[in-house]
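Trainee: Please take me through one part of this model, the contact between the two chains. Start with how far the prediction can be trusted.

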2 protein chains.
Amino acid sequence: MAGSSNGSRASTTIGTAISSTIGSSIGAVALADLLGRWPTADGPLYRLLATRIARLSDTGELSPGLRLPAERELAGALAVSRNTVAAAYQMLRDEGMAESRQGAGTRIVPHRTTPAAVHRANGFFAGLLETSQVRADLTLATVDCAPQVAAALTDPAAIAGSQAIREVTATSGYFPYGTPMLREAIARHMSERLDLPSKAAQIVVTTGGQQALDLLIRSEVLPGQPVAVEDPTFPGVLDALHRAGARVIGVPADAGLDPDRLEHVLRTHRPALVYLIPAHHNPTGLVMSAAHRQQVVRLAAGYPETLFVDDMTLAELPLLDAAQPPPLAALGLDQPNLVTVVSLSKVYWGGVRTGWIRASAGLVSRLAAAKAAADLGSPAFQQAIIAALLENQHDDIVKWRGDWLRDRYDALTTALRAHLPRWTWPAPDGGLTLWVKLPRDTRDANDTRDASGPDGGVFAQAALRHGVAVVPGRLLSATGGAGPDAHIRLAFTQPPAILAQAAAALAKA
Amino acid sequence: MAGSSNGSRASTTIGTAISSTIGSSIGAVALADLLGRWPTADGPLYRLLATRIARLSDTGELSPGLRLPAERELAGALAVSRNTVAAAYQMLRDEGMAESRQGAGTRIVPHRTTPAAVHRANGFFAGLLETSQVRADLTLATVDCAPQVAAALTDPAAIAGSQAIREVTATSGYFPYGTPMLREAIARHMSERLDLPSKAAQIVVTTGGQQALDLLIRSEVLPGQPVAVEDPTFPGVLDALHRAGARVIGVPADAGLDPDRLEHVLRTHRPALVYLIPAHHNPTGLVMSAAHRQQVVRLAAGYPETLFVDDMTLAELPLLDAAQPPPLAALGLDQPNLVTVVSLSKVYWGGVRTGWIRASAGLVSRLAAAKAAADLGSPAFQQAIIAALLENQHDDIVKWRGDWLRDRYDALTTALRAHLPRWTWPAPDGGLTLWVKLPRDTRDANDTRDASGPDGGVFAQAALRHGVAVVPGRLLSATGGAGPDAHIRLAFTQPPAILAQAAAALAKA
């Protein structure tokens, strides 16, 4: 049991990782995800590790009585020595946070219980929830505020007009569907710019695309019902699905979705909902072909009880000059199970937290009722500003963001090709991320990797210690990964100079 | 079966009302709640009724196959003739929306199925979700925008400073906990004005008080777990609890909560959460006495696994000059299960949709993770404005709103005493509503009332046809009412002249 355990990380650990976080033990990989950016602070590694585990215990993310991974397994997943883990566990025991018994491993001491301490933690949003600093954060595909948007927020009367402003502040301020003015502006935007004829009655305004997905799931998916997603996919939808108790079924999409495989899942599982990102898929950046779109819409016609959700959050972020294909709903205007989700977070600014759902008027009514229970409506005043931006400055903002995006994309891809010539990724049509496949035999190999090939999680740990945060592919997987996953996701949303430095640092990891 | 059925509405119908909306039939009173403001549009009553039922079927609120109430029962609940209901059902059959079979009653025809059409609808928020107009809406306790708040939203730089504005737009805009600046401002506000020493790490910012409650329930209450509330209580918390599958237990509070009865519920049910409104209770407006507060805090010490939520949404709205008692958490600073919810919606404006939760840092971490899954954070820009208002203008706004409130309170109570001298209500210490008990024998009696006494639901229907919307007491009840409920809730948030007219109209209903 003592000494080095290089190569001994059992792949079964990975398979049970996610589910074991809610049982009586946690796998090494799942714990590594929860630990997030533990090695980026100052101090000896064992102390950082113990402190981070103790904090997760305090917050309930590691529940009382939970058995921690065996030392050698955790050492493998974190790419540290077993001595580091052993010292951290000893520190936890010394502080009364953990206890070890012969043959029963090391457990978190029950020192606090809450009724719902059992909840699933998603390591993906650790970057939002933590305050630790890395030199280059390539995890979050977030954009800074477009100057047109900042100007409008700062001087609302100049863009929205004082009349519109007086009108909104004269109301109660509660709009579970969104303000009438914004719903009208969105319907025009969808009809004229996105080629999808829409009425205001088909729109419900949400706090960003994330709330759009969460409301759809809360309202239309019952616990235990199957939901199909591309694998990999946007981690935010996985978080919402897991919290809702949905049964997530992945359809392989590392190089784009094959509609025949989706049909098989539809026939076999009859999912309540299918979540797709046909335009600039997250993380691959690929666009679904016109033929495949037609095929998906035909599938939707054959499965009218399944909602097909087309997430267009990244649709207005092309990297090429190709014409954008229409939304799925535009190909089946009489199919009420085609639902469209849009967000302005990646074009305007994440801080506006403005998205919406376009659906049948009946579904919109149910979603508004769910939104009333969730928050009684998004803040009202800003909706007048967003309506004016959509009407008057949207095209300017899209053009500005396109230039912004291509600068960053060029900087990262150029630097990666120079520093890491053996890394590969599907050439993205648009979006904010690269879906990198790590090569099997590279100089970034480290001594904990076994014969099963490179793993994005192990690489992400090593990268963190070189000051760069990346997302392990597994966190974007519908299943949490059934084995080592050679992918990492890199967002190219930092300034070009930082992206170039990050690529150089990644080459040393 | 034919002819009048006055007085025949069985009280058992009421008892099964709420639960039957998710079964295969719906009770007359539950359907009356869902119908909302159906008689306020133009046209014959039977047509308005049929149209409204058809719409509820379209939106899935009446699920396919659902059996509608017998004609005479629905006629009783709506205070209309049985002929009106019979004609409405016939119209639904003519349009293929319903079918009747011998002995099986009238059912909604299955014409559309969605995976989660089974959801609970809460009639209370109908006013937000509908566009129908009444002359005087006394249902929603909403306030217009305080002039200081409107000015700040219109010219943010004047109050927040251009430095703070540049700082926030330079970020990614994603703040699941809230922006650091606002969390600091809230912690100072709680410490200095609300007598509750607080740190920024104990605060998570939410989209109004409703989201604060929804996040607490989603994060800390599992389906089937018991939750104790005052009965009556804020309907928004009931909506969120029902959607989460909680088992709601009411503790009688028509004239204030008796802590001994709460202790009995704690001992018997061990609820996951207790929801209380100790300062200006909704709907009674009463303040919990200092002795009772102390007793509740001692109970919380004895049940550390139960979260005690103190909703202070109405706390800064006193009608009297009495000193405000401290929050429950101030009486038990070392008790991590004392949680405080605050909202600015009733003092500043509902449209700001700004509230927060003060809790232990560990619970706050879990709530922020739940908020990340729900919407990734509330809009960021406005948080800079709210922080500045809290720092610089809060006391002015509270004073302005207090004057605003007392004018309206005086107008409504004066007019009620003149027009309806036999109506009674507990004299409120603060808040926005009166909890009126209808007298047993008054001139507003109508011919469908049986010997069991007046019912707020039947009265609310009659009031609607006189152009005034009021909330039937049953919608604020934890149990949905175990029999006729003689209460109605009147909000005094409309302009004084409208409140005076409404009282005169209610006297005719």
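Mentor: Residues 1–23 of chain A stay under 50 in pLDDT (the predictor's confidence in each residue, from 0 to 100). The model still has 46 contacts (heavy atoms within 4.5 Å) beyond four places in sequence for residues 1–23. Residues 111–127 of chain A also stay under 50, with 48 such contacts. Chain A as a whole has a mean pLDDT of 85, and 86% of its residues reach 70 or more. For the complex, the predictor gives an ipTM of 0.80 and a pTM of 0.81.

This is a predicted model, in which local features need pLDDT of at least 70 and side-chain atom pairs count only at pLDDT 80 or more, while totals for chains, interfaces and linings use all residues. Residues are numbered from 1 along each chain as its sequence is written, chains are lettered from A and ligands numbered from 1 in the order in which they are written, and side-chain values use heavy atoms, with hydrogens and water left out.

Now the pairing. Chain A superposes on chain B by a rotation of 180° with 0.0 Å of shift along its axis, at an RMSD of 0.1 Å. The two copies are thus related as by a two-fold rotation axis. The fit is by least squares on the C-alpha atoms of residues with pLDDT of at least 70 in both. The same surface serves both copies: 100% of the contact residues of chain A recur in chain B. Within chain A, A:D155 comes closest to the rotation axis, with its C-alpha at 3.1 Å.

Next, the contact itself. Chain A gives 70 residues and chain B gives 70 residues. About 6,100 Å² is buried between them, and carbon and sulfur atoms give 60% of that area. Buried area is the accessible area (1.4 Å probe) that two parts lose on being put together, summed over both.

Two salt bridges link chain A and chain B (a side-chain nitrogen of Lys or Arg within 4 Å of a carboxyl oxygen of Asp or Glu). B:R218 and A:D214 meet in a salt bridge, at 2.8 Å from N to O. Helix 16 of chain A gives the most to the side of chain A that touches chain B, with nine residues. Helices here are DSSP runs (H or I, at least four residues), numbered from the N terminus.

Notes:
Helix = DSSP H or I, 4+ residues; strand = E, 2+ residues; numbered from the N terminus.
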